[in-house]
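Colleague: Could we examine this structure together, one question at a time?

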Amino acid sequence: MFKEINNKIKLITNDKNWVESEAIEQLKLVSELEGVQQAIGLPDIHSGPVGVTIATQKIIYPHLIGNDVGCGMALFQTDLKKSKIKRDKWVRKLSGLEDSYDGNINAIMEEAGVESTSYDSSIGTIGGGNHFAELQSIEKVFDENALLDLGVDSKNLVLLVHSGSRSLGSAIFQEFAETNTSTGLKIESEEATKYLQQHDNAVHWAKLSRKLIAERFLEQLGSFSKTVLDVEHNCIAKTTVGHQEYYLHRKGAARSDLGAVVIAGSRGTYSYLVLPIGGQEQNLFSLAHGSGRKWKRKNAKSILGDKYTIDKMQLTEIGSAVICEDKNLLYEEAPQAYKNIEHIIAALADAGIIKVLAQLKPIITYKTRK
């Protein structure tokens, strides 16, 4: 359902979905910035605020996007059979996704139409935080025809990659965002033009990076990658809503104007492939991008450290394996630190803005080797 917070802000939630009050207060402050017309809090909203879309006119705010411009999720079809999963063998094979890509980066970027930068050594690497590459099986199918239209074979495994623009995004943030948190950039200014050019290149850079991550992951398993979808959730996009021109600032909010979207679970829970339905204007063409944090990273280890050993953290309750050799990250990104994905999906479905196509089960989640 849509819950009106004030004359500018709406929240998509339901009675079962816990929403952090701090995130709502942060969104209220954002709504008071010059040029902000509307704001949407998605069900996965949490402190930042993350899980939000803010619509502005005549001004943009790079700090609302943050330092990971173009971060998003891409889904890839594989030829690995669901009936022939070799989880433990594959876990032993997978490595190196934190190391620099050793292919001809310049040629690949030129072919993809992505401008080279000083940070290309990190393209094709996952990064830290909540980023991952996750091999998944299609556990339940709710619309087989829609899957076929997307080119998805439910008998084969899929790979979900969540990553962004890495050090490139951080450099853009430092150049434009740190000193413009309250004043923003007037859209006709030279600075705004320069930011949007770099922003757009970072979005394309991140898409190419996700494709390379998928290829590197699947090559080790003797499989291929075919892109099903790639949707960013940290970006600014010029959009018309109700005959008005807006700049939609999405921070942890998946674009719903590009077709199907994967809303990710939390390592040890299901993810969902969904299709946006309805006009999407009421939710500013945006959907949740995942479960949303329940605990702050600094608290997760202290809560879980005495209850769960490293070995237990590397095998989830639904039988999936986690490749994460960073002890702190393993606890910070534990499934328990996130909200209930089922409540997120239910809130979006109850609001009439998605149709669930399939439920995806994690088999192997790759975060980092040492």
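Modeller: The following exchange concerns two pockets and one helix of a predicted model.

Colleague: What is the volume of the largest pocket?
Modeller: The lining of this largest pocket comprises 39 residues. The space that the pocket encloses is given as a volume of about 770 Å³.

Colleague: Which residues lie nearest the centre of the largest pocket, and which elements give two or more residues to its lining?
Modeller: Of the 39 lining residues, those nearest the centre are His46, Asn130, Arg293, Arg297 and Tyr338. The elements that give two or more residues to this lining are strand S7 (132–141) and strand S18 (354–368).

Colleague: How many charged residues does the lining of the second largest pocket have?
Modeller: The second largest pocket has a volume of about 240 Å³. Its lining includes Arg267, Lys312 and Glu317, and Asp, Glu, Lys and Arg count as charged. Beside 4 nonpolar and 4 polar residues, the charged residues in this lining number 3.

Colleague: Why do the buried residues of helix H6 lie on the same side of H6?
Modeller: In helix H6 (residues 166–176), the buried residues are Leu168, Gly169, Ala171, Ile172 and Phe176. They lie on the same side of H6 because they cover, around the axis, an arc of only 160 degrees. In general, an α-helix has 3.6 residues a turn, so residues three or four places apart point the same way.

Colleague: Which elements do the buried residues of H6 pack against?
Modeller: Buried here means under 20% relative accessible area. The packing partners of these H6 residues are helix H2 (62–65), strand S9 (185–186) and helix H7 (190–219).

Key
Residues numbered from 1 in each chain as written. Predicted model: local features only at pLDDT ≥ 70, side-chain atom pairs only at ≥ 80, totals over all residues. Heavy atoms only, no water. 1 Å grid on protein atoms, 1.4 Å probe; cavity = no way out; pocket = protein on both sides within 12 Å on 5 of 7 lines; lining within 4 Å. Points joined across faces, edges and corners; volume = space filled by probe spheres on them. Helix = DSSP H or I, 4+ residues; strand = E, 2+ residues; numbered from the N terminus. Buried < 20%, exposed > 50% of the residue type's maximum accessible area, 1.4 Å probe, protein only. Arc of directions from axis to C-beta. Contact = heavy atoms within 4.5 Å.
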